[in-house]
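Trainee: I am new to this structure and would like a close look at a single part of it. Please take one strand and work outward from there.

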Amino acid sequence: MPMAEQINPAPRLLMGPGPINADPRVLRAMSAQLLGQFDPQFRQYMAESTELYRGVFQTKNRWTLLIDGTARSGIEAALASLIEPGDRVLVPVFGRFGHLKVEIARRCGAEVVAIETEWGSVFAAEVLERELKKHRPKLVAISHGDTSTTMAQPLAELGKLCRAHDALLYVDATATLGGMDLPVDAWQLDVVSAGLQKCLAGPSGSAPLTLNERAEKRIVRRRHIEQGLKKAGEQDGDGPVIRSNYFDLAMIMDYWSEKALNHHTEATTMLYAARECARILLQEGLPQACARHAAASKALCAGLQAMGLALFGDQKHKMANVTGVHIPAGVDGEKARRALLEDFNIEIGTSFGPLHGKIWRIGTMGYNARKDAVLMTLAALEAVLSQQQHRLPRGAAVDAALAAYRAL
Ligand SMILES: Cc1ncc(COP(=O)(O)O)c(C=O)c1O
């Protein structure tokens, strides 16, 4: 077998629903040499990561840490640690990632109540209140933005509502953290997790997570120390053991605390990446980053519409960082995506389930929520559609996007 070549990826512009191109500063941080996870310098990086993510999540939560794994590791850690077998869990599903939470909650032994709304829409506050009253769940698990439908669920009132009905609230903010406002404390969200590969401008592989005292109480009573680490006289919690070892938040909290209790071997490079993502974001400023995402989305939408394309879903609730657009009649969606990749080095997204073959999803997030990235994508898409004999006003898309930027 011939020797494999050195890794040398094509210079793609990743304009799908994630991953996006990582900020070069994040890639540089990842090339730093490894440290032992109990090295004082590394513990300092961990403490700094906690402090930085408190800023990103807009929280004072003591427990603000990183789970090693892609975004679903954060979801799984939250659900496995919060759900006790037999607990009723309400999952409002408005896209694929709602179904993912149903699936994980079931594996945790929950009695899951899933409610669904049509893809392209979100839930009205009255519906969520009615379902909370009806089912009295111990936990509500919901996405903030669901990339599969490009919709964002309004969450400002849900935390208060959950408290009134004695339920904990878990929010999957994988697709929105850093691109849309998510003030965790002000909105009374009990546990929130995310991933790096979208608005945080990093690679996937680390899941920032924050939890408040309400959630801590539920988790700590399930704390069990692994045999071999336990000191004489140390007591376990009286709750049922968390059924995952890797995603046991009680153990992960012990590892992140001053106790520095051994758990997994740290994914050192991913912590460097996550720390740099947060540092860059806070250096820019959260409001500025959200405004940058909103501007890119507005310009992209203006360009797509000027091309004569129709946007997907309830535009009042569209995420600021991913746009769904109907594939025009007569155009082969996959052929167009292939041409974008092969001729222009640009990747846009296909879609899942009921939307498969009907819409493309275009991300303008993180490092790629930039004017030049928006303009290049529009110009390339226009050329590709023309090649497929789709009639459109040439030049209109880029002009409309530029006008949208000028109007800011
Ligand atoms: C809302 C949401 N949750 C979870 C995930 C899963 O993330 P990962 O593939 O990093 O595990 C995604 C990925 O697109 C997402 O958009």
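Mentor: Five bridges join strand E5 (residues 139-143) to strand E8, and the two run parallel. Before going on, note that this is a predicted model. One of the pairs can be named: Ile 142 has Val 171 as its bridge partner in E8. E8 is also joined to strand E9 (residues 191-193), by three bridges, and that pairing is parallel too. Here Tyr 170 has Val 191 as its bridge partner in E9.

Now take E8 by itself. The strand covers residues 168-172, and five of its five residues are buried. In a regular strand, side chains alternate between the two faces of the sheet. In E8, Leu 168, Tyr 170 and Asp 172 point one way, while Leu 169 and Val 171 point the other way. Both sets are buried.

Two residues of E8 lead on to Leu 82. Leaving out residues up to four places away in sequence, Leu 82 touches Leu 168 and Tyr 170, and also Leu 139, Val 191, Ala 215, Arg 218 and Ile 219. Leu 82 and Tyr 170 appear again in the largest nonpolar core, which has 132 residues. Along with Leu 79, Ala 105, Cys 277 and Ala 401, they are the residues that touch the most other members of that core. The element that gives the most to this core is helix H10 (residues 286-306), with 10 residues. Domain 1 (13-282) and domain 2 (286-406) both give residues to the core, so it lies between them.

That brings in the wider layout. The protein chain is divided into domain 1 (13-282) and domain 2 (286-406). Their centres, taken over C-alpha atoms, are separated by 30 Å. In the contact between them, 33 residues of domain 1 meet 34 residues of domain 2. On the side of domain 1 that touches domain 2, strand E1 (13-14) and strand E7 (151-152) are the elements that give two or more residues. The residues of that side divide into 16 nonpolar, 13 polar and four charged.

The ligand is the next stop. It is surrounded by 13 residues, and the closest are Thr 70, Ala 71, Arg 72, Thr 147 and Thr 174. By class, this shell has three nonpolar, seven polar and three charged residues.

Thr 147 also gives a way to place Ser 351. The two are 204 residues apart in sequence and 9.2 Å apart in space, C-alpha to C-alpha. Ser 351 is found in the loop between strand E12 (346-347) and strand E13 (359-363). Ser 351 counts as buried because it has 24 C-beta neighbours inside 10 Å, and 20 or more are needed for that. Leaving aside neighbours within four places in sequence, Ser 351 is in contact with Ser 148, His 356, Lys 358, Ile 359 and Arg 361.

Gly 233 serves as a last point of reference. Gly 233 lies in the loop between helix H7 (213-220) and helix H8 (249-256). Gly 233 is exposed because 5 other C-beta atoms lie within 10 Å, and the cut-off for exposed is 12 or fewer. Gly 233 and Gly 55 are 178 residues apart in sequence and 38 Å apart in space, C-alpha to C-alpha.

Conventions:
Residues numbered from 1 in each chain as written. Predicted model: local features only at pLDDT ≥ 70, side-chain atom pairs only at ≥ 80, totals over all residues. Core = buried A, V, L, I, M, F, W, Y, C linked by C-beta atoms within 7 Å. Helix = DSSP H or I, 4+ residues; strand = E, 2+ residues; numbered from the N terminus. Domains from an automatic or database assignment. Contact = placed C-beta atoms within 7 Å. Near = placed C-beta within 6 Å. Nonpolar A, V, L, I, M, F, W, Y, C, P; charged D, E, K, R; others polar. Pairing = 2+ DSSP bridges.
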